[in-house]
Amino acid sequence: MRFFAALLIFLAACATAPEGPPGGQPEPAPPAPPPTAEPAPPPISRSENVAVAGLMESARTDAAAGKLSTAAASIERALRIEPRNPRLWQELARVRLQQAQFAQAENMAARSNSYAGSDNTLRAENWRLIAQTREARGDADGAQAARDSAEKLTR
C-alpha cells in the first residue's frame, strides 16, 4: 500500500504544468511571415487530390502517345485513391474504348454515371460513350437509346 501511495505522489509531481520562461515574462509571439505577392492556393479538396491529378495527367499523356495499357494502369492507380470519382471512371472508359474493350468501356461509363450525381454534362458524355461502344458491337438500337438518354440530359 505504501508503494502505491509513493507512486501516486511521484506521478502527481510529474503532472505539474511546465514553467514559463525565467523572469515571469511571457514568450514573445513568433514573427509573422512576410507578405507574398501571390495569394496562397486554396486547400486541396477531395476532387482535387494532387496524386490523382498527377496520375490523370500521366494517363492522358500516355493515351495521346498510344500507350493505352500504361494509361489504363495510371487511371486504375488513381481509382484506388478515389474509387468514387466519376471523372476517373469516365477516363478509364475512354481508354477501354480506344483499346476496343467495348463491354468494359460501357461498364466503366455506366459506373461513372452512378457516381456522377447531378452532373448532367458528365452523365451525357457517359451516355455518348455508351452509344459508341454499342455501335462498335453492332447494337444500333442500343446506341440510339444511349444517344437519346444523352440528349435528354442536355435539354
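In this predicted model, a network of salt bridges links Glu106, Arg134 and Arg137. The total for the structure comes to seven salt bridges, and several of the others are worth a closer look.

Two of them start from helix H4 and reach back along the chain. Glu91 pairs with Arg60 at an N to O distance of 3.5 Å, joining helix H4 to helix H2 across 31 residues. Glu91 is buried, at 13% relative accessibility, whereas Arg60 is partly exposed at 45%. Arg96 meets Glu76 at 2.6 Å, N to O, a link between helix H4 and helix H3 that spans 20 residues. Here Arg96 is the buried partner, at 9% relative accessibility, while Glu76 is partly exposed at 32%.

A further bridge runs from Arg94 to Glu125, with the closest N and O atoms 3.6 Å apart. Because Arg94 lies in helix H4 and Glu125 in helix H6, this pair ties together parts that are 31 residues apart in sequence. Both are partly exposed, Arg94 at 33% and Glu125 at 26%.

Helix H4 also takes part in the largest nonpolar core, which has 25 residues. Helices H2, H3, H5, H6 and H7 likewise each give two or more residues to this core. Ile75, Leu79, Leu88, Leu92 and Val95 have the most contacts inside it. Leu92 touches Ala72, Ile75, Glu76, Leu79 and Met108, leaving aside residues up to four places away in sequence.

Overall, the chain has seven helices and zero strands. Of its 155 residues, 29% are buried. The accessible surface comes to about 10,800 Å², with 58% belonging to carbon and sulfur atoms.

Notes. Residues are numbered from 1 along each chain as its sequence is written. This is a predicted model: local features need pLDDT of at least 70, side-chain atom pairs count only at pLDDT 80 or more; totals for chains, interfaces and linings use all residues. Side-chain values use heavy atoms; hydrogens and water are left out. A nonpolar core is a set of buried Ala, Val, Leu, Ile, Met, Phe, Trp, Tyr and Cys residues joined through side-chain atoms within 4.5 Å. Buried means under 20% relative accessible area, exposed over 50%, partly exposed in between (1.4 Å probe, protein chains only). Helices (H or I, at least four residues) and strands (E, at least two) are DSSP runs, numbered from the N terminus. Contact means heavy atoms within 4.5 Å. Accessible areas come from the Shrake-Rupley method with a 1.4 Å probe; for residues, only the protein chains shown count as cover. A salt bridge is a side-chain nitrogen of Lys or Arg within 4 Å of a carboxyl oxygen of Asp or Glu.
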